Amino acid sequence: MSASPVPGDPVPGAVVTRFAPSPTGFLHIGGARTALFNWLYARRHGGRFLLRIEDTDRARSTDAAIAAILDGMRWLGLDWDGDEYYQSQFAGRHAEVAHELLQRGHAYRCWMSQEALAAQRASAQAERRPFRIESEWRDCDGREGEGPSVIRLKAPREDETAIEDKVQGRVTVQNAELDDFVLLRSDGTPTYMLAVVVDDHDMGVTHVIRGDDHLNNAFRQLAIVKAMGWPEPVYAHVPLIHGQDGAKLSKRHGAVGVEAYRDALGILPEAMFNYLLRLGWGHGDDETISREEAVRWFDLDGVGRSPSRFDLKKLENLNGHYIREAADERLAGLIAPRIAALVGRDLDRDAIALLGRAMPELKPRARTLDELAEGATFLLRARPLDMDDKATALLEGEAADLLALVHRHLSALAEWSQEATERAVREVAEAEGVKLGQVAQPLRAALTGRATSPGIFDVLVLLGREESLGRIGDRMAVAG
RNA sequence: GGCCCCAUCGUCUAGCGGUCCAGGACGUCGCCCUUUCACGGCGAAAACACGGGUUCGAUUCCCGUUGGGGUCACCA
């Protein structure tokens, strides 16, 4: 599935890549992967990775929307070189280029009205033929119209244009397919098509790595590049990420911003990094790939050409892996706010230290920070504990008597350790002629309020003698 | 609809003419470990879309069909 090899690097020398998101309120999963690939490519080749915010649409480009993107990038550890650029800063330069194109005969002023355009489009549709703008102003020998005008590119109509795409291979399009798109709007502002090309050139971008949805645009942009006589960048159009239904990932698929996975589920940045990397790219049978390995191994030829579906299950599995690898203190700090919300009070240093100590037992049982916090709350909940349904069921019948026996044996212990508590509980089971589980399960319910938890002797030690005995006592009191 | 792109297990992928009755991972299902749930270990089911070529030989190359996706603004 590798892309056909593209001979020779047309731009020898330093690599410059860029990520150019438009601020929509969050860092889109697909955008994050595009950013990742650009970052990786630049780092791999000792080049520079630039960030440019496409804030031409001023209405949408709020500070909050921009901050969300920068925040997401930092979270993933995708550091950009230098300050971020803002496309709106360069509007003057964009207009300048449009006028230069005009002077050199590669563009023309067009006074065609929106209505005339709409009429052309309608008749094209009625006759079931492809729509292509046909402006009378393309070749009008200096004649001028009335009122405001736009500047359109005088796109070539003969021959064809080919792009040697690093991912897609050679892609060719008939120039007749390209129409005279607008470069400068009637209010003098630049269109996206013009702005990207000018900015990429001015920023010295050598490799344009972006989503597949821009492949068609690339031909239009290349027309500007050629008209200006600028060096052509290397293009690499990576396939889009799809939802479970196979369509381009969008809001209707649910969470689509990386911060949602971070905040709601509790995904670790290294897990997201690894997952996104493996989505559409592979390195043999390697599954868990570190940041360093990624920089060492990443290459554009490894990027597949077909879209891939976002699979939450795999992300979660990977996240579980990274949780197990993460330092206990870091994890404790990460889940502290979640637990605070769950137990309804802030956690002090002792509480966080307790979480850290419990972490080795908690970690293997969670795939997300959300699950990790959920599994840890029993440590910090206030007495008397609420019992869930399964815990309540475990405490029915003869369980109460067994619990009382366990309480007595544990109370008599001189030393409160895993070994000592285990011995005590096993003695009760043996003396009563029941299986360990018949004693351990009610004990678990009493201590945690749940039917599942870390190993019961770990729980006993983590909670400590006083708290443990207290919790068991609470249940005995209820049983009467 | 025009144009462009894509096509290996349910999903992510390995495979770059013979090593493939197709390998790994997630998910699923068994079994083991076990005080619960996980983790871990072992095992199972599961794919080269179809049809033509090229070739001594196609999952790998070419063409077509089918299916899927993207894109067609004075949005970005």
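This is a guided tour of a predicted model of a protein with an RNA strand, arranged as a series of selections.

**Around the RNA**

Begin by selecting RNA strand B together with the protein residues near it, which should bring up 63 residues surrounding the strand, with R185, R305, P364, R365 and R444 being the closest. If you colour this selection by residue class, you will find 20 nonpolar, 23 polar and 20 charged residues on the surface near RNA strand B. Next, turn to the nucleic acid side and restrict the display to those atoms of RNA strand B that are within 4 Å of the protein: 69% of them belong to sugar or phosphate, while the rest belong to bases.

Three individual contacts are worth selecting in turn, as they involve separate parts of the RNA. At N216, an N or O atom of the side chain is 3.2 Å from a base nitrogen of RNA strand B. At H242, an N or O atom of the side chain is 3.2 Å from a sugar or linking oxygen of RNA strand B. At R309, by contrast, look at the backbone and not the side chain, since a polar backbone atom of this residue is 3.0 Å from a phosphate oxygen of RNA strand B.

**Helix α17 and T448**

Now select residues 436–448, which make up helix α17 and contribute five residues to the surface near RNA strand B, the largest share. Within helix α17, pick out T448. Is T448 buried or exposed? With a relative accessibility of 1%, T448 counts as buried. Its side chain reaches the backbone nitrogen of R450 at 3.1 Å, and, if neighbours within four places in sequence are set aside, T448 is in contact with F378, R381, L385, S453 and V459.

**A three-stranded sheet**

Move next to the open sheet formed by three strands in the order β4-β5-β8, where the pairing is antiparallel. Strands β4 (107–110) and β8 (182–184) are at the edges and have a single partner strand each, so one side of each is left without a neighbour in the sheet. On average, and ignoring direction, neighbouring strands of this sheet are turned by 45° against each other.

To follow the pairing residue by residue, select β5 (residues 150–153), which pairs with β4 in the antiparallel sense over four bridges; here I151 in β5 is the bridge partner of R109. Towards β8, strand β5 is joined by two bridges, again antiparallel, and V182 in β8 is the bridge partner of R152. Showing the side chains of β5 makes it possible to check that both of its faces are covered, with V150 and R152 on one side and I151 and L153 on the other, all of them buried. Then add residues 91–103, helix α3, which lies across β4, β5 and β8 and runs at about 100° to β4.

**An enclosed parallel pair**

Finish with strand β9 (residues 207–211), in which five of the five residues are buried, so this strand is largely enclosed by the rest of the structure. Adding residues 234–238 brings in strand β10, which pairs with β9 in the parallel sense over five bridges. Which residue of β10 is the bridge partner of V208? Selecting V208 and following the pairing into β10 leads to Y235.

Notes: Residues numbered from 1 in each chain as written. Chains lettered and ligands numbered in written order. Predicted model: local features only at pLDDT ≥ 70, side-chain atom pairs only at ≥ 80, totals over all residues. Heavy atoms only, no water. Near = heavy atom within 4 Å. Polar contact = N/O pair within 3.5 Å; in protein donor to acceptor, adjacent residues only side chain to side chain. Nonpolar A, V, L, I, M, F, W, Y, C, P; charged D, E, K, R; others polar. Pairing = 2+ DSSP bridges. Axes fitted to C-alpha atoms, helices over the stretch in contact; angles between N-to-C directions. Contact = heavy atoms within 4.5 Å. Buried < 20%, exposed > 50% of the residue type's maximum accessible area, 1.4 Å probe, protein only.
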